Amino acid sequence: MERDLDAGIASHNYYARLNQLLGRPADAGMPTGFEAVAGFWQDLSSWLDEDLVGSRGKSTIRPHHWHVYVGYAISQALLRRVDRNRLTDFFRSAGLQPGDEITAEELWALLHIWARDGSGLTSYGLHAILSADDRLAGALSEVVKSEFDAWDGALRDAEGRQVATVALRLRPQAGWRKIELSLLPRRPEGFPAGAFSSIGGRTYELTSSKEGWYDELDVAVEQRLLERGMAIRRGRFAIQFQPMPVMPFRASIELGGWVSVPRLVALEEHCLLVHVSKMKDVERLLARGGDGGHQLIQAAGLPPHWRVIRAVRVTEESTSRDPGIGRVTPRTGLTARLEGGLEVAPSGFLTEGEPDLWVSVTTGDNIEVEVDEIQYRWPETVKRVELRKLSLGAGDHQVKAAGRTLRFTSYDGLTARTEQDRDVLGYELESHGTYKPTAASAVQLEPGSCKGAVRIVGAAAMGSEDDLPLPLEPPVLLRHGFTSYVVLGKTPGEVVVTEEPSIPPWLEAGLSDEVCQFFDVPCPFEAELVLMKSADGWLVRAIRRRPRAATRDAQAPRVEAVEAWQRTILEADERDAVVPPELSKVWSTYVETARERSA
Amino acid sequence: MSRSRHELLLEWVSERGDGSWSDFKRAFDWLFARRDDPAAHAWRAARDLAALGHLEIAWGREVRWTAAPPVLTLLPRSGGRALLTGARTRELTRAAEETAERLDLYLHRQPQRHGPPTMMVLCSSHEDAEQLALELDIPYTYSVANQLAAMLPPLQSWIELAEPRPLASGLDIERFEPLQLCWRYVAEPEGPGLYRCRTWSGHEYALWNAVGGWHQVVPEVGVYETLRWEGVNVLHYDQSSGVLTMPAEAALPPLHARAATLASGVLASMCRRKGLTWTNHWNIPASVAEGIASSLGQALIEGEKNGGSGLERCTGGDRHRSH
């Protein structure tokens, strides 16, 4: 049923039309027994979806919350088939994918923005959408939703032909000094290979060697093609290249180049093919919302009046009502969604790493957001709200925006960690005198240790003592401020004599503001005590927390070292070295040993 | 307390524990808008975190990463500083702060421009560091840099593991010029050398050896192998300052870079001199410098870097440096 604007019959005034057909007075209301019709619709729907398993198309029949009996019929007539066919174009323009979770209200808000002259809708369809009152809008939004739910991702032209789009592939060569452009038609399921023809009668033989794609079209990508596009047909299938003055491209490994996409995605790297007439607009837009890293390329191989901008990454909200450059505005997708963030668990983020909230509303509205019951309002239609800047703190959070309620949790770190299920990457080196890697880079390490091999994971080296390099003795830390130092081990001959060094350049070079109180001295033995000499005399200090007594056996073969050990101790003793009370007993063993040996 | 973005990235890596490259890149891209730092790249951040011992990354066809276990290591020539490296979860950081305070040790955060702040504990004895590690239930070691340097395998053993596979065909290729330390576009391979091409997922590097065989290599390993072929030494070492310097185009392979970086816990710095960009690693003990050089088939050039190592400067229009 279609509504009659001239007769003043609204599309949802079902019974007036029905009664006319049945020869009853237009205002006679619902015919007797009409209740059963709802069951017919339900049967039809179930036959399409369940008995035929969608083989003849999925049902778009939906009940209506208000029009319990006639809602089924209204749902099939609020928009003509020609306009319904155009909705596939709308879904694509809105950046939607089959299966996306989106409510009827959100779809309606997006459709309201998209439905303009030039969108391909009939004047009837356009009027129906733009002038719908609340009740009609509710019914229409359900129709759009059911079309979206049934959408397989394919486009349809106004004649109902299934349409596949043609991607433009951009291949940079010689470090972007040369650009090669080609056309790659998509091949949705069911699209045939073989001859397609243009309206002008030219025939194109389409072959396909990659699933989902036809092979490159044998067409030169010239200025005329970029500005006018092309369409070829075969039966109920059509293939169209719809040109735009600004086309974003994303890298595709599968297709070996940069491939045109319907719309730029925030934060992803793109390059743009831009007609010179739009260059200033695009540059303005990128200056506002880009990351500043884009580069205009002077490349050979481009048609006249076209330019390429590479390294385009949009990080901030930027909008343009100019349909020509609308593709450069980031796809805000649904009306409110969370994006990014430092996710550490499903819907769980680190504090200070909460995701951004992207909100878009219809023109004329302000953005209103409620975060944990605090209201925010911005006079914009598209907005990125950086939730991490709201100091939300750890705990559950609730965000209300554009009719949606979104929930997530912030964690100030995770307390429970399960290491067992986690992969461990690292280096494995076989130990055969020298070390030999088992792989060219870090690899997944199997649990358990392996004899004859060591593993390096970060700063941790693991393996048996036999396989690891000999450990170094830790250095002795000495306090700055003395002229000379003698480090003593418990065995005669274990002695290191040093002077106060200058502060290491790397610590002095502004890497640390802290005063260096200590310096370290490599020591080849286990140090027990240090004698520190200054103008005021000698001081004895402990190196170990509990220094051990001196032993009488000299293990060091170097006679000079043994003599140095004895001489220093005796000199310190003669000069009344200051010994803290807790060290006096230990120190006396050193003095006695030194005296015995010198005797 | 407001954290720097590099610190947040490290915390996220530590809390997550592991992930794919796209996980890492997504987190990085969200944290870093290139407007702030045009040089910011996810791969660079991952490489630096690996050099600092915070994470391990497997650069295979399917790139994966895992957080490395936390380790406390006393740094040589540091005046008693112990570096906390590996995974730094918030729980561990809180525990380190509390324990250090209880043990009367000063925990110091040193900000870094291109990396997370270095977390060091000032000790008066190596026993302080041991005690702290014991209470935090994490491994302790003295001078990880020395330990790693002593285990660095010889260059040839890395080359032997290179996958025999040519570069992807049909793409522009570049050749590494070891005498000039730059990459040059070539129409086709010009004999033995290191070549690369840019695919849509990144650069591929392959060595063409003397018998015409192709082997895909880790780029830094390939660079040092060609330097070895030509007898070019690029590692400068000044023992008095402890600075190990090399041209940025001859950056150290990942494990070597980790040994060098963990000598100070500070990322290498870059400077321009005589038309080349140089990378400086700090506080390198002689044993570490020698271990790195010997593993890479290099002879250390003594003294400060001066760019006068016999390298020719790139001048051709189609020659460029990039890494």
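Between which two strands of chain A is the loop that holds E189(A)? The legends below start there. Everything shown comes from a predicted model, where local features need pLDDT of at least 70, side-chain atom pairs count only at pLDDT 80 or more, and totals for chains, interfaces and linings use all residues. Residues are numbered from 1 along each chain as its sequence is written, chains are lettered from A and ligands numbered from 1 in the order in which they are written, and side-chain values use heavy atoms, with hydrogens and water left out.

**View 1. A patch of negative charge on the surface of chain A.** E189(A) sits in the loop between β3 (178–185) and β4 (194–198); strands here are DSSP runs of E with at least two residues, helices are runs of H or I with at least four, and both are numbered from the N terminus. Its patch partners are D152(A), E211(A) and E254(A). Patch members have over 30% relative accessible area and no salt bridge, with like charges joined within 9 Å and nonpolar side chains (Val, Leu, Ile, Met, Phe, Trp, Tyr) within 5 Å. A salt bridge, for the record, is a side-chain nitrogen of Lys or Arg within 4 Å of a carboxyl oxygen of Asp or Glu. E189(A) is exposed, at 80% relative accessible area (buried is under 20%, exposed over 50%, partly exposed in between; 1.4 Å probe, protein chains only).

**View 2. A nonpolar patch on the surface.** M30(A), V68(A) and Y69(A) together offer about 230 Å² of accessible area (Shrake-Rupley method). V68(A) belongs to the loop between α2 (35–51) and α3 (71–75) of chain A and is partly exposed, at 47%.

**View 3. Two aspartates with positive phi: D372(A) and D576(A).** Most residues other than glycine have a negative phi. D372(A) has phi near 50° and lies in the loop between β17 (367–371) and β18 (374–378), partly exposed at 30%. For D576(A), phi is near 55°; this residue is in the loop between α11 (559–574) and α12 (584–598) and is exposed at 62%.

**View 4. Aromatic pairs, 22 over all chains.** F349(A) and F408(A) meet edge-to-face, 5.9 Å centre to centre with 85° between the planes. (Rings of Phe, Tyr and Trp, the last by its six-membered ring, pair if their centres lie within 6.5 Å; planes under 30 degrees apart are stacked, over 60 edge-to-face, the rest tilted.) F349(A) is in β15 (348–350) and F408(A) in β21 (404–411), so this pair ties together parts 59 residues apart in sequence. Both phenylalanines are buried.

Definitions and conventions. Accessible areas come from the Shrake-Rupley method with a 1.4 Å probe; for residues, only the protein chains shown count as cover. Lys and Arg count as positive and Asp and Glu as negative; His and the chain ends are not counted. The place of a charge is taken as NZ of Lys, CZ of Arg, CG of Asp or CD of Glu.
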